[in-house]
Amino acid sequence: MDRGIKNSHLRLRKFGPSDGVAWLIVGLLFAAAAVGVFVLTGSVLSALFVGVLVALVATGVVAML
């Protein structure tokens, strides 16, 4: 195994309640996605599903920043 790969660290960090800006970004993306899908389809279940999916992806992206 290559030493560069062996010693590489994941640069993900956990953010807690004190990271207000990160939570605000994730919350706004969730709300925008959920409302947009609800307006387009009229289905609450699909709106929540897409909103949660967007929130999970946003959490991963914000954790890498």
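Here is a short tour of this protein, stop by stop, for you to follow in your viewer.

**Stop 1: the whole chain.** Keep in mind as you look around that this is a predicted model. Show the cartoon view and follow the chain from its start. You'll meet three helices and zero strands, so to speak in the order α-α-α along the sequence.

**Stop 2: the surface.** Now switch on the surface. About 5,200 Å² of the protein is accessible, and carbon and sulfur atoms account for 75% of that. What share of the 65 residues is buried? The figure is 18%.

**Stop 3: a nonpolar patch.** Select Val35, Phe38, Val39, Val44 and Leu48 and colour them brightly. Together these residues make a nonpolar surface patch of about 470 Å². Two elements each give two or more residues to the patch: α2 (20-41) and α3 (44-64). Colour those two helices next. Which one gives the largest share? That's α2, with three residues.

**Stop 4: Leu48.** Zoom in on Leu48, a member of the patch that sits in helix α3. Why does Leu48 count as partly exposed? Its relative accessibility is 44%, and partly exposed covers the range between the buried cut-off of under 20% and the exposed cut-off of over 50%.

**Stop 5: contacts along the chain.** Zoom back out and show contacts between residues at least 6 apart in sequence. Of these, 51% join residues at least 24 apart. Pick out a few of them and see which parts of the chain they link.

Technical notes:
Residues numbered from 1 in each chain as written. Predicted model: local features only at pLDDT ≥ 70, side-chain atom pairs only at ≥ 80, totals over all residues. Heavy atoms only, no water. Patch = residues over 30% accessible without salt bridge, like charges linked within 9 Å, V, L, I, M, F, W, Y side chains within 5 Å. Areas by Shrake-Rupley, 256 points an atom, 1.4 Å probe, with all protein chains shown as cover. Salt bridge = Lys/Arg side-chain N within 4 Å of Asp/Glu carboxyl O. Helix = DSSP H or I, 4+ residues; strand = E, 2+ residues; numbered from the N terminus. Buried < 20%, exposed > 50% of the residue type's maximum accessible area, 1.4 Å probe, protein only. Contact = heavy atoms within 4.5 Å.
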